[in-house]
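Open the model in your viewer and keep the selection panel at hand. The stops below go through one DNA strand and then the other.

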There are 2 protein chains.
Amino acid sequence: MGRPTVTDIAREAGVSLATVDRVLNARPGVRDKTIAAVNDAIARLGYVRDMAAANLARGRNSRVAILLPDTQSQFVDTLHDAIGQEATLASAARMQVELVRYPGANMHVLAAILSDLVAGGISGVALMAPETPVVRDALRSVNAAGVPVVAMVSDLPNSGAAHYVGIDGYAAGRTAGLLMGRFLGAQTPRVMVIAQSMLLRDSIERRRGFDAVMLRDFPGIEVGQTLESHGAPEILQQVMREALSSSGPIGGIYLLGSGHRALAQVLSEMGLLGRVVTIGHELTPHTIAALQAGWLDAVIAQNVGHLARSTLRVLQAKVDQQPINESQERLRLEIILRENLPLTP
Amino acid sequence: MGRPTVTDIAREAGVSLATVDRVLNARPGVRDKTIAAVNDAIARLGYVRDMAAANLARGRNSRVAILLPDTQSQFVDTLHDAIGQEATLASAARMQVELVRYPGANMHVLAAILSDLVAGGISGVALMAPETPVVRDALRSVNAAGVPVVAMVSDLPNSGAAHYVGIDGYAAGRTAGLLMGRFLGAQTPRVMVIAQSMLLRDSIERRRGFDAVMLRDFPGIEVGQTLESHGAPEILQQVMREALSSSGPIGGIYLLGSGHRALAQVLSEMGLLGRVVTIGHELTPHTIAALQAGWLDAVIAQNVGHLARSTLRVLQAKVDQQPINESQERLRLEIILRENLPLTP
DNA sequence: CAAAATCTGAGGTACGTCAATCAGATGTAT
DNA sequence: ATACATCTGATTGACGTACCTCAGATTTTG
């Protein structure tokens with residue numbers, strides 16, 4: 001005997017196939033008592049719906065959109081590529097993926113794109129965006145239209161996101177802090193924290209986690225204020241010079257977001273490359289090269305392949321109104337050192 | 001227009017549905033020229049076979065077996081549970097999983113089980129086992145019967161395994177070495193390496209990787225010979241006493257396999273708990289507790305959930321004679337510290 | 001050139017589910 | 001009691017593919 005089918009349930013519950021179908025698909029026209037009887041039978045037989053057959057029968061070709069900022073960032077580019085790769089595979093599961101880049105500086109455009117997508121009958125939306133009031137309001141109306149929203153990389157807890165796919169920013173910062181403290185060992189120098197900007201929620205959380213561990217476990221190490229580079233090497237150089245001139249030597253640098261190339265340049269000009277413990281985020285061609293070169297000591301990353309797959313799986317589950325396998329979708333925080341770099345195919 | 005179907009191909013190639021079917025399923029009775037014409041049409045239309053519908057039509061309920069040793073090991077237990085969990089999910093994909101524990105000390109029994117499974121018409125086999133001659137011969141005859149074999153955790157390169165699911169033992173050892181060196185910092189004490197036994201391939205590879213990095217990057221640190229505990233705390237205690245009495249203080253301990261509980265006991269009795277840098281392998285209740293307690297500094301692990309899912313996916317792909325998404329199946333080597341412990345669900 | 005072998009077409013049933021229809025059955029208000 | 005609304009059963013045709021049969025066409029072989 002194979003798996004039980006709807007026919008088995010109908011027999012077991014003593015109702016017709018049509019009724020089972022109505023219960024399974026939450027269609028109206030069934031008494032509560034009958035619904036209970038069917039659900040009982042389902043539980044007794046351990047029935048699991050054959051989603052493949054269901055989708056086949058539905059002939060439903062759901063359309064979902066994934067929105068990424070068009071920021072000049074290798075991480076976002078890598079993520080874009082990863083999603084593109086998985087999207088072709090997702091089409092086998094009757095899901096068509098639209099990958100859209102929106103101007104990272106203008107949330108009003110993002111809001112407009114979202115309302116267009118909803119008007120166009122999109123079935124689900126995933127996006128990586130900061131939680132500004134404009135975005136929040138836009139997402140609320142997406143939600144109101146019954147379209148599930150999945151937050152990527154940076155959570156959107158107050159916008160009614162159905163799910164968050166990404167790592168815990170606070171834990172990422174704590175891990176960076178622990179590594180920084182352990183790598184510095186007996187030394188207790190100053191540590192610099194550098195960000196492109198502190199607007200994104202995950203940067204803030206990382207900083208918080210970093211500070212928490214440094215304060216608790218390595219009180220001898222002095223951590224400076226966050227230096228914001230806004231992506232420009234010149235500004236970074238300037239603020240670093242200022243920070244350096246203020247007092248004592250720098251022993252460690254924690255890079256909250258992107259900007260590894262700029263940092264390498266500045267460090268190199270200052271003769272510090274490879275002489276300070278440096279910890280960064282996200283695995284990109286730049287950070288991989290930096291790890292191999294030896295001047296970057298550790299990278300805290302999230303696996304973009306998993307991120308992409310998880311996003312698509314969650315989207316599909318939400319669209320199909322299916323439950324989510326939480327343990328499968330929980331992204332692990334990865335620590336990458338020189339010796340456990342992924343093979344580069 | 002949705003995706004092209006077999007009917008579209010038949011029209012495009014100017015042949016009948018039956019012929020397309022014969023070509024798709026490599027059934028005999030089609031001229032080479034016709035085969036080429038059909039394949040042309042497939043390429044032109046960008047047809048991708050709907051595996052869901054295909055399996056549905058086949059009604060095939062493949063049966064696969066997963067063989068784990070019955071060793072007293074929390075890692076194997078955790079893996080067992082993870083596979084069990086995923087197996088219920090896999091049944092949705094028409095795959096029935098038989099989870100078998102074989103006596104870890106007797107490879108002849110494993111060989112007998114394998115031949116029984118093959119005789120019983122199993123479609124695929126995955127196993128975690130050392131590559132002894134008995135095992136190798138048994139697997140070769142499994143292969144000869146056309147049943148794909150997937151190696152788990154420890155590779156079986158000379159037994160014709162169709163795929164290996166697990167982390168790179170050499171890289172794992174290198175990573176442990178790097179962490180050990182960095183955590184020890186300026187100190188250059190002696191480091192002990194402890195294993196339950198050096199029979200398993202992955203223990204040997206880890207040790208090789210560890211030595212490679214220590215020798216290259218931390219030449220000041222002296223690494224002792226591998227102490228084998230054979231799972232008994234008494235033996236471990238004895239060999240540790242001997243090692244300690246020989247010369248100088250111990251600064252670090254690298255635990256190649258299981259035995260964290262025994263080590264904790266011995267270290268605690270010797271008043272060394274928390275005073276030596278300790279690095280171990282695999283995430284289990286014991287190692288999690290040890291990380292939280294603070295005496296274990298790092299764990300190199302493979303995600304058992306991913307391992308289980310990957311094994312089942314690879315098995316299914318092999319059984320269906322489908323290609324494998326290599327990048328999805330490549331298990332990442334995880335570094336777990338106190339601050340990035342997974343949330344306990 | 002006929003017989004045999006090989007190839008191809010046409011058509012059907014099945015897989016598990018969805019979605020729709022129509023005909024009864026039961027219950028509820030007037 | 002009649003009309004009506006609400007529930008339920010039985011049946012059917014998709015969805016895309018597999019696999020089977022049988023008949024007819026084409027090629028190869030003797």
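Which atom of DNA strand C lies 2.5 Å from an N or O atom in the side chain of Thr19(B)? Select Thr19(B) and DNA strand C: the partner is a phosphate oxygen of the strand. This pair is a polar contact, meaning two N or O atoms within 3.5 Å; within protein, one must be able to donate a hydrogen and the other to accept it, and residues adjacent in sequence count only if both atoms are side-chain atoms.

Before going on, note that this is a predicted model, in which local features need pLDDT of at least 70 and side-chain atom pairs count only at pLDDT 80 or more, while totals for chains, interfaces and linings use all residues. Residues are numbered from 1 along each chain as its sequence is written, chains are lettered from A and ligands numbered from 1 in the order in which they are written, and side-chain values use heavy atoms, with hydrogens and water left out.

**Stop 1: DNA strand C**

Stay with DNA strand C and select Arg31(B), where a backbone N or O atom is 2.6 Å from a phosphate oxygen of the strand. Next select Val6(A): one of its backbone N or O atoms is 2.9 Å from a phosphate oxygen of DNA strand C.

Now show every residue near the strand (one of its heavy atoms lies within 4 Å of it). There are 25 residues around DNA strand C, and Tyr47(A), Arg49(A), Thr19(B), Arg31(B) and Thr34(B) come nearest. On the DNA side, sugar and phosphate make up 72% of the strand C atoms that come within 4 Å of the protein.

Then select H4(A), which gives the most to this surface, with four residues. Helices here are DSSP runs (H or I, at least four residues), numbered from the N terminus.

**Stop 2: DNA strand D**

Move to DNA strand D and select Thr19(A). A polar side-chain atom of Thr19(A) is 2.5 Å from a phosphate oxygen of DNA strand D. Asn25(B) also places a polar side-chain atom by a phosphate oxygen of this strand, at 3.2 Å.

What does Ala53(B) reach on DNA strand D with a polar backbone atom? Select Ala53(B) to find a base nitrogen of the strand at 3.4 Å.

Finish by selecting H4(B), the source of the largest share of the surface near DNA strand D, four residues. Of the 25 residues around this strand, Thr19(A), Arg31(A), Thr34(A), Arg49(B) and Ala57(B) come nearest.

Notes. Helix = DSSP H or I, 4+ residues; strand = E, 2+ residues; numbered from the N terminus.
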